[in-house]
Amino acid sequence: MNADDPRAAQSNNATGGGVQIITQAGDIVMESREESRPRAKRSRFIRFGLAAVLVVAAVAGWIADERDRDAQMADMVREGLALMPNLEAAKVSAYIAGGSSGEVLDGDSPPEKVTDVRSPHVDLKLGNVVHGASLITKASITFTRFQSLEPCSAEGGPRVFTADYQFAIPDGQLEVPLARPFTLSKEFTHEVVADKYDRFELTVGSRSRPEGAAPWVAVMEVVLEHDGGKQLKIGPIAVVDTGNISTFHPDGDQWVFPASPAPGCIEKNLELVSDVLRTPNLVVSKELASLNRTLQQFKK
């Protein structure tokens, strides 16, 4: 209904003392100014109330949307963390074991192939107890102590063992006690699947082992690089080598010693081993622990 329709509600101030209202039905109603003010106030109140309701509804909707977005973001973060690998060393042990191949050089004779050469092994039980696989790409061993034991006998000969190890110690390293740490590194690929524990083994040995060479003792630290540059540090670990002397070598849980060891040999070796074993938080190989017990008993 438009403004020209005579039935529309109209108002004027013709009487001067009030408001004349013409309703849509055509009736004329007179209201004083005092009577018309509440009507205007109610109208404004209704308009303001509706506006406030709309604002509150809009704010409530925005808050709900923000909460949904926050919840979605939290779920994404939790999912991302769950997929990230979490490599850890669950158990560390060290011992002498076979498994390496090599050859024996004896003067001018042709090299003789040998298998199952014994050397120190570092056995790592790695855990990855999350939902993402972990990929190891590099291992490094830093030798913080490396020293030969006293041979206790004058045995020697022309035979030289050479063997392949994951970490081959350069020839000549034992000429003097270690002046400063040195590091050997090797790149490879090893995957530790999600929610699993896996064994990871490293072999260490002298590149060549002349006949008459005494066993050596080493303290080392292992660093595994994985998953885009992360590092897992393990150690310190103390190991002992087999040497290449028929009268001085590990034999199971005991050690073979010369019947008449050179003077001072037992004392010097015991001093070296005891000093190594004082290293804090040390993982000790089985053969080094048995060497210490044997030296203690031999001294008595």
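Asparagine 281 is exposed, with a relative accessible area of 70%, and its place in this predicted model is the loop between α2 and β16. Its phi is near 55 degrees, which is a positive value in a residue other than glycine. A positive phi is also found at aspartate 116, again a residue other than glycine, where the angle is near 60 degrees. Aspartate 116, however, lies in strand β5, and with a relative accessibility of 52% it counts as exposed, because the threshold for that class is over 50%.

The loop that holds asparagine 281 leads to β16, and β16 belongs to an open sheet of five strands with mixed pairing, arranged in the order β9-β6-β12-β13-β16. At the edges of this sheet stand β9 and β16 (residues 283–284), each of which pairs on one side only. Within the sheet, β6 and β12 run antiparallel and are joined by 11 bridges; in this pair, alanine 139 stands opposite leucine 224 of β12. Strand β13 holds proline 236, and the peptide bond that joins glycine 235 to proline 236 is cis, with omega at about 5 degrees.

Two helices lie across strands of this five-stranded sheet. Helix α2, formed by residues 265–277, lies across β6, β12, β13 and β16, and its direction makes an angle of about 140 degrees with β6. Helix α3, formed by residues 286–299, lies across β12, β13 and β16, running at about 30 degrees to β13.

A further sheet, also open and of mixed pairing, is built from six strands in the order β8-β10-β5-β4-β7-β11. Its edges are β8 (167–169) and β11 (208–210), and because each of these has a single partner strand, one side of each is left without a neighbour in the sheet. From one strand to the next, the twist of this sheet averages 25 degrees. At one edge, β8 runs parallel to β10 (residues 196–206), to which it is joined by three bridges, and phenylalanine 167 has valine 204 in β10 as its bridge partner. At the other edge, strand β11 contains serine 208, whose side chain makes a polar contact of 2.7 Å with the side chain of aspartate 171. Aspartate 171 is also one of the residues that serine 208 touches when those up to four places away in sequence are not counted, the others being Val160, Phe161 and Thr162.

How do the nonpolar residues of these strands come together, and which elements supply the largest core? In soluble globular proteins, nonpolar side chains tend to be buried together. Here the largest nonpolar core has 28 residues, and those with the most contacts inside it are Leu126, Phe143 and Leu224. The elements that give two or more residues to this core are β4 (87–106), β5 (112–128), β6 (134–148), β8, β9 (182–192), β10, β12 (216–226) and β13 (230–240). Leucine 126 has contacts, leaving aside neighbours within four places in sequence, that include Leu87, Ile136, Val192, Phe200, Leu224 and Leu232, together with polar residues such as Glu88, Lys196 and Asp198. A second core, separate from the largest one, has 19 residues, among them Ile245, Phe248, Ile266 and Leu291.

Between β9 and β10 there is a loop in which alanine 194 is found. Alanine 194 is partly exposed, with a relative accessible area of 24%, and its C-alpha atom is separated by 7.2 Å from that of serine 134, although the two residues are 60 residues apart along the chain.

How far the model can be read in detail depends on the part of the chain in view. The mean pLDDT of the protein is 78, and 69% of its residues reach 70 or more. Confidence is highest in β16, at a mean of 96, and lowest in strand β1 (residues 10–12), at a mean of 44. Over residues 27–31 the pLDDT is below 50, and this stretch has 17 contacts in the model beyond near neighbours in sequence. Residues 74–83 likewise have a pLDDT below 50, and for this stretch the model shows five contacts beyond near neighbours in sequence.

Technical notes
Residues are numbered from 1 along each chain as its sequence is written. This is a predicted model: local features need pLDDT of at least 70, side-chain atom pairs count only at pLDDT 80 or more; totals for chains, interfaces and linings use all residues. Side-chain values use heavy atoms; hydrogens and water are left out. Two strands pair if DSSP finds at least two bridges between them. Helices (H or I, at least four residues) and strands (E, at least two) are DSSP runs, numbered from the N terminus. Axes are lines fitted to C-alpha atoms, for helices over the stretch in contact, and angles run from 0 to 180 degrees between N-to-C directions. A nonpolar core is a set of buried Ala, Val, Leu, Ile, Met, Phe, Trp, Tyr and Cys residues joined through side-chain atoms within 4.5 Å. Buried means under 20% relative accessible area, exposed over 50%, partly exposed in between (1.4 Å probe, protein chains only). Contact means heavy atoms within 4.5 Å. A polar contact is a pair of N or O atoms within 3.5 Å; within protein, one must be able to donate a hydrogen and the other to accept it, and residues adjacent in sequence count only if both atoms are side-chain atoms. pLDDT is the predictor's confidence in each residue, from 0 to 100.
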